[in-house]
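Welcome! Let's take a walk through this model together, one region at a time.

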Amino acid sequence: MSESDAPEPESPASSDEAKQNALLFGEWDVSEIEYSAPGMSRYIKATPIAHTMGRHASKQFKKSEISIVERLINRLMQTEDNTGHKQKTMKIVRDAFDIIADQTDENPVQILVTAVENAGPREETVRLKYGGISVPQAVDVAPQRRVDQALKFIAQGTLSGSYKSKTSAAEALAQQLIGAADYDVQAYAISQKEEKERVAEAAR
């Protein structure tokens, strides 16, 4: 058989392995995620990669190019039990996504994106000094900081919901994400957002 008659090798893009790798955790499609907050959408990246090995760690503002799922994982690692245990924390997020899918029949990545959009405060306060007097002043929150704050509230809610409790971290995370996505004021992330905006409104 001549070289011209030899079958062409299957391109990586058409292989089953490539299709599998295009899914987050091998299960969840991230290609059709919808965004409802235009200002935040450029800072919420939904990609099938959940571990970039810290390649953007030393580059300013490059965190906004990392998958929102990995950013959630990194934020959950900032606790005493999970510090430095990325594989363990990835399993918590993967299990939480399975719980979300079972309870809502929706793509858990979409639930996460909606939760982050809902939990990001639009206003907060800063302290301005006039002479020797410190005065609170309401300011608008930048979209990038809104994403940071939303992830912080979700992680704190997960910790408070599972610490010294029978509720596992995955179950607590699933509850936080579903509650924030539904804009449930009983959810920790939403309650913190509402509190920040309430204080800012009083300082206008």
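Which residue takes a positive phi in the hairpin of β1 and β2? That residue is G131, with a phi near 70°. Please keep in mind as you read on that this is a predicted model.

## The β1 and β2 hairpin

Two residues sit between the strands of this hairpin. The strands themselves are β1, residues 123-130, and β2, residues 133-140, and they pair in the antiparallel sense over eight bridges. To find your place in the ladder, look at V126, whose bridge partner in β2 is Q137.

As you follow either strand, here is a handy point: in a regular strand, side chains alternate between the two faces of the sheet.

## Two residues in one loop

The loop between α2 (38-41) and α3 is home to S67, and R42 also has its place there. Is S67 buried or exposed? S67 is buried, with a relative accessible area of 2%. Beyond its neighbours within four places in sequence, S67 is in contact with K45, T47 and I49.

R42 gives the opposite picture: its relative accessible area is 57%, so it is exposed, the cut-off being over 50%. R42 also shows how the fold brings distant parts of the sequence together, since its C-alpha lies 8.8 Å from that of P143, although 101 residues separate the two in sequence.

## Helix α7

Now turn to α7, which covers residues 169-181. This helix has 13 residues and reaches 18 Å from its first C-alpha to its last, close to the 18 Å expected at 1.5 Å a residue. Just after α7 comes Y183, whose phi is positive, near 55°.

Why can α7 be called largely enclosed by the rest of the structure? Ten of its 13 residues are buried, and so the helix is largely enclosed. Among the buried residues are L173, L177 and I178, together with the alanines A170, A172, A174, A180 and A181. Q176 and G179 are buried in α7 too. What do the buried residues of α7 pack against? Their packing partners are α3, α4, α5 (108-119), α6 and α8 (188-202).

## The largest pocket

Rolling a probe the size of a water molecule over the atoms shows where empty space is left. The largest pocket holds about 370 Å³ of space. Its lining is made up of 21 residues, and those nearest the centre are K63, I66, R71, N74 and Q78.

Which helices each supply at least two residues of this lining? They are α3 (68-76) and α6 (143-162). The largest share, four residues, comes from α3. Sorted by class, the lining of the largest pocket has nine charged, seven polar and five nonpolar residues.

## The second largest pocket

Next comes the second largest pocket, with a volume of about 310 Å³. It is lined by 14 residues, with T79, D81, N82, L159 and S162 the closest to its centre. By class, this lining has six nonpolar, four polar and four charged residues.

Here α4 (86-104) and α6 each supply at least two lining residues. Which helix gives the largest share of the lining of the second largest pocket? That helix is α6, with four residues. If you have the structure open, α6 is a good place to look, as it supplies at least two lining residues to the largest pocket and at least two to the second largest pocket.

Terms used
Residues numbered from 1 in each chain as written. Predicted model: local features only at pLDDT ≥ 70, side-chain atom pairs only at ≥ 80, totals over all residues. Heavy atoms only, no water. 1 Å grid on protein atoms, 1.4 Å probe; cavity = no way out; pocket = protein on both sides within 12 Å on 5 of 7 lines; lining within 4 Å. Points joined across faces, edges and corners; volume = space filled by probe spheres on them. Nonpolar A, V, L, I, M, F, W, Y, C, P; charged D, E, K, R; others polar. Pairing = 2+ DSSP bridges. Buried < 20%, exposed > 50% of the residue type's maximum accessible area, 1.4 Å probe, protein only. Contact = heavy atoms within 4.5 Å. Expected span 1.5 Å × (residues − 1).
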